[in-house]
Each structure stands twice: as structure tokens, then as C-alpha cells.
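Here's a quick briefing to read alongside the model. Have the viewer open and click through the residues as they come up.

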Amino acid sequence: MTLNAENTKPTVVLIHGWGLNHAIWQPVADALATDYQVLALDLPGYGLATNYPDPYSLEAITDQLAKLIPAQSFVLGWSLGGLVATMLALRHPAKVRSLALVASSPCFLQQPDWPGMNAQVMQQFAGSLSANLALTVERFLAIQAMGSSTARQDIKQLKQAVLSLPLPQAQVLAAGLEILATTDLRPELASLSMPLFGCFGRLDSLVPVAMTTMLAELAPRAQISVLAKASHAPFISHQTEFLHWLRQCLQA
């Protein structure tokens, strides 16, 4: 049997963040399509992935996604997707040739020794989910673009991606917030054997740039880049710089 040329391309897996879906990656996927087999996945319960585990845990959704991912893939996770990508590397290392984190932290919630999201902000999101799902997601999109010089356009693009597919159920979004609030993968980072890359925005209000210095201490071999004018969605606000960074990682 002759292998299809498409199957000989390296696989790049893209995992989105909380409240969104795989459509957010379309410009990135288009830019990479010539040289790579791009797999933009929906987190369980998001977009087209209507089946999801109950209870909804980081381990369970990671194991569900692992079944869709070829061995030796370049796996990139953004925000909540970065936690999933990291857990994939920990639980299914044969699937992950290289790991890339975009605006993602091993511990999203602020700790005495770690910069992160304020617990009160997280609680406000959780509390407002049941009151108005669409408005809560829209508020989150606005925070993601905050600080970017192209914030208005960024929010529009994020919103178009969200609305192109059905919104997740409130219980899935609430479970995702719980994962963001309770997960701490800092101790496990040192055990990762594959190359680790990171791309962060200096203006990010959800993943403070101060975290990158501490991340470098936890994972000394990690190659970390900070985009000076980007916020939480650098692949949208600074697409050219982001794609330059990503291609360098893919060729490393």
C-alpha cells in the first residue's frame, strides 16, 4: 500500500482554551497546512466534540483526546489547552514529540509564591455562568484581548470563532473553571523529557509575564519567548510574530 503524501508530514496538534473551540486556530492551521498535518481539536464538550466524560476532570479529558492524537506529534496548547497538553505529555509521553505552551501556566490561580489569576476573578466567572452563559464568555474574550493594540479586532475574531459552533453546556464551562482553579502541575514539569517551548504576552492579565521567570526555573531546558506587545491571544493579535516563533519551534 502506498502511503498518502499527507500522512508523511509531521503532525501539529492545536488545543484551544476555555470557552472557545477549534475554529480559533483556522488562520494558524492554514499557514501551516503546506508543510504539516494540522490537527485542531475541540476539547471534550466544546464545539463538535459533544461527548465528554462525567466527572469532567483534567485527566479524563486528556485521556479522551489522547485517542485522537498520533504518536510523536508536536502538541501545542493555549491557556486551558496548555494544561491539557502538559497532562498529555505526562500521561501519554509517546504521543508528544515536543510540547508548546501558549499563554498557559502550570498553575493558573495566584499562590503566595506564584503569580496568577486572582481567586475572586475566577469566582466571579463561576458565579455568572449560570446567570448568563453567553455574556460570561464574552467578558472572558474581552479580558483575553486586554492590553493588545488590536483589542477590538481580536475580540471580534474570538467571538466569530466561538459563535461558529454551538456553545458548550454551562456544566462543561464550570468544570473547566474548576480545572483552572485547582490544577497545579508545577512539581511535574521537571519530569518532562521532551523539548518544551513557551510563548507568552507581556501584557497578559490572565497569565502574568512574571510567571515566565519562575517557569524557567522549574523547567531549565524550556525555550521561552515573550512578545512585548501581545496579551493572552498572541496567535490572533500578533499572528506574524507568533507564526515565526512556532515555525522555529517546529524546526528545532
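What follows is a short tour of the sheet, a buried leucine, some backbone oddities, the cysteines and the salt bridges.

Keep in mind that this is a predicted model. At its centre of interest for this briefing is an open sheet of six strands with parallel pairing, ordered E2-E1-E3-E4-E5-E6. A search of the whole structure turns up four salt bridges and zero disulfides.

**The sheet and the helix across it**

- The edges of the sheet are strand E2 (37-41) and strand E6 (223-227), and each of these pairs on one side only.
- On average, neighbouring strands of this sheet are turned by 15° against each other, direction ignored.
- Strand E1 (residues 11-15) runs parallel to E2, and five bridges make up that pairing.
- If you want a register check for this pair, look at Ile15, which stands opposite Leu41 in E2.
- Helix H10 (residues 239-251) lies across E1, strand E3 (73-78), strand E4 (96-102), strand E5 (196-201) and E6.
- Relative to E3, helix H10 runs at about 145°.

**Leu185, a buried loop residue**

- Leu185 sits in the loop between helix H7 (170-182) and E5.
- Is Leu185 buried or exposed? Its relative accessibility is 5%, so Leu185 counts as buried.
- Which residues does Leu185 touch, leaving out those up to four places away in sequence? The contacts are Leu58, Leu83, Thr86, Met87, Leu90 and Pro106.
- For a sense of distance, Leu185 and Ala228 are 43 residues apart in sequence and 26 Å apart in space, taken C-alpha to C-alpha.

**Backbone spots to check**

- There's a cis peptide bond from Asp54 to Pro55, with omega near 10°.
- Pro55 belongs to the loop between E2 and helix H2 (58-66).
- Gln72 is not a glycine, yet it has a positive phi of about 60°.
- You'll find Gln72 in the loop between H2 and E3, and with 48% relative accessibility it counts as partly exposed.
- Ser79 isn't a glycine either, and its phi is positive too, at about 55°.
- Ser79 lies in the loop between E3 and helix H3 (80-91), and it is buried, with a relative accessible area of 4%.

**Cysteines without a bond**

- Why is there no bond between Cys199 and its closest cysteine sulfur? The closest one belongs to Cys249 and is 7.9 Å away, so it is too far for a bond.
- Seen from the other end, the cysteine sulfur closest to Cys249 is the one in Cys199.
- Cys199 is buried, with a relative accessible area of 0%.
- Cys249 also counts as buried, at 5% relative accessibility.

**Salt bridges**

- Arg247 forms a salt bridge with Asp35, and the closest N and O atoms are 3.5 Å apart.
- Arg247 is in helix H10 and Asp35 is in the loop between helix H1 (26-32) and E2, so this pair ties together parts that are 212 residues apart in sequence.
- Both ends are partly exposed: Arg247 has a relative accessible area of 25%, and Asp35 comes in at 41% relative accessibility.
- Asp63 forms a salt bridge with Arg91, with 2.8 Å between the closest N and O atoms.
- Since Asp63 lies in helix H2 and Arg91 in helix H3, the pair ties together parts that are 28 residues apart in sequence.
- Asp63 counts as partly exposed at 24% relative accessibility, and Arg91 is partly exposed with a relative accessible area of 40%.
- Arg186 forms a salt bridge with Asp184, and here the closest N and O atoms are 2.8 Å apart.
- Which residues do salt bridges with shared partners join into one network? They are Asp113, Asp184 and Arg186.
- Within that pairing, Arg186 counts as buried at 15% relative accessibility, whereas Asp184 is partly exposed with a relative accessible area of 31%.

Notes: Residues numbered from 1 in each chain as written. Predicted model: local features only at pLDDT ≥ 70, side-chain atom pairs only at ≥ 80, totals over all residues. Heavy atoms only, no water. Pairing = 2+ DSSP bridges. Helix = DSSP H or I, 4+ residues; strand = E, 2+ residues; numbered from the N terminus. Axes fitted to C-alpha atoms, helices over the stretch in contact; angles between N-to-C directions. Contact = heavy atoms within 4.5 Å. Buried < 20%, exposed > 50% of the residue type's maximum accessible area, 1.4 Å probe, protein only. Disulfide = S-S within 2.5 Å. Salt bridge = Lys/Arg side-chain N within 4 Å of Asp/Glu carboxyl O.
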